[in-house]
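Hi,

Here is the structure I promised to pass on to you. Have a look at it first, and then read on for what I found in it.

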Amino acid sequence: MRLFEGTQFDRPPRCDRCGELETACTCPPAPAPRIPPQKQTAKLAVEKRARGKVVTVVRGLPAEGNDLPGLLAQLKSACGAGGALKEDGMEIQGNHLERVRHMLSEAGYRIRG
Ligand SMILES: [Zn+2]
């Protein structure tokens, strides 16, 4: 039972942002809070994959504190290479350790590897 239920103060819950009833609200979900890059350490590695493929791997940046799809897109275009989001991080095709290290440190991340 809600406070003031049945009284004139008993109003159905409304969205804080658009003022619509929560059932009618179409606001996008609030963006996830970002962790400042300065407080994160990206762990870089170059690893071999099947059939001799080499990939540059970035780990240690949690998806809930970073715009990983955006970051990956920047890395891919800077490296001129394909890449993918993985469960434990990001993968860029080829050995781009220097470029990835440079880009991430420019963005403010601490780097290991
Ligand atoms: Zn809303």
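A good place to start is the hairpin that E1 and E2 form, with five residues between them. Arg51 sits in that turn and has a positive phi of about 60 degrees. Please keep in mind that this is a predicted model.

The two arms of the hairpin, E1 and E2, are antiparallel and share six bridges; Glu47, for instance, has Val55 in E2 as its bridge partner. On its other pairing, E1 runs parallel to E5, with three bridges joining them, and Thr41 is matched there with Arg110 in E5. E2 also pairs with E4, in the antiparallel sense and over five bridges, and Val57 stands opposite Glu91 in E4.

Put together, this gives an open sheet of five strands in the order E3-E4-E2-E1-E5, with mixed pairing. Its edges are E3 (83-86) and E5 (110-112), each pairing on one side only. From one strand to the next, the twist averages 25 degrees.

Now for the helices and the core. H2 lies across E1, E2, E4 and E5, and runs at about 170 degrees to E1. The largest nonpolar core has 14 residues, and among those with the most contacts inside it are Ala42, Val58, Leu75, Met90 and Val100. At least two residues of this core come from each of E1, E2, H1, E4 and H2.

What is Met90 in contact with, leaving aside its neighbours within four places in sequence? The list is Val58, Leu68, Leu72, Leu75, Gly83 and Leu85.

Enjoy exploring it!

Best wishes

How values were computed:
Residues are numbered from 1 along each chain as its sequence is written. This is a predicted model: local features need pLDDT of at least 70, side-chain atom pairs count only at pLDDT 80 or more; totals for chains, interfaces and linings use all residues. A nonpolar core is a set of buried Ala, Val, Leu, Ile, Met, Phe, Trp, Tyr and Cys residues joined through C-beta atoms within 7 Å. A residue is buried if 20 or more other C-beta atoms lie within 10 Å of its own, exposed if 12 or fewer, and partly exposed in between; C-beta atoms are placed from the backbone. Helices (H or I, at least four residues) and strands (E, at least two) are DSSP runs, numbered from the N terminus. Two residues are in contact if their C-beta atoms, placed from the backbone, lie within 7 Å. Two strands pair if DSSP finds at least two bridges between them. Axes are lines fitted to C-alpha atoms, for helices over the stretch in contact, and angles run from 0 to 180 degrees between N-to-C directions.
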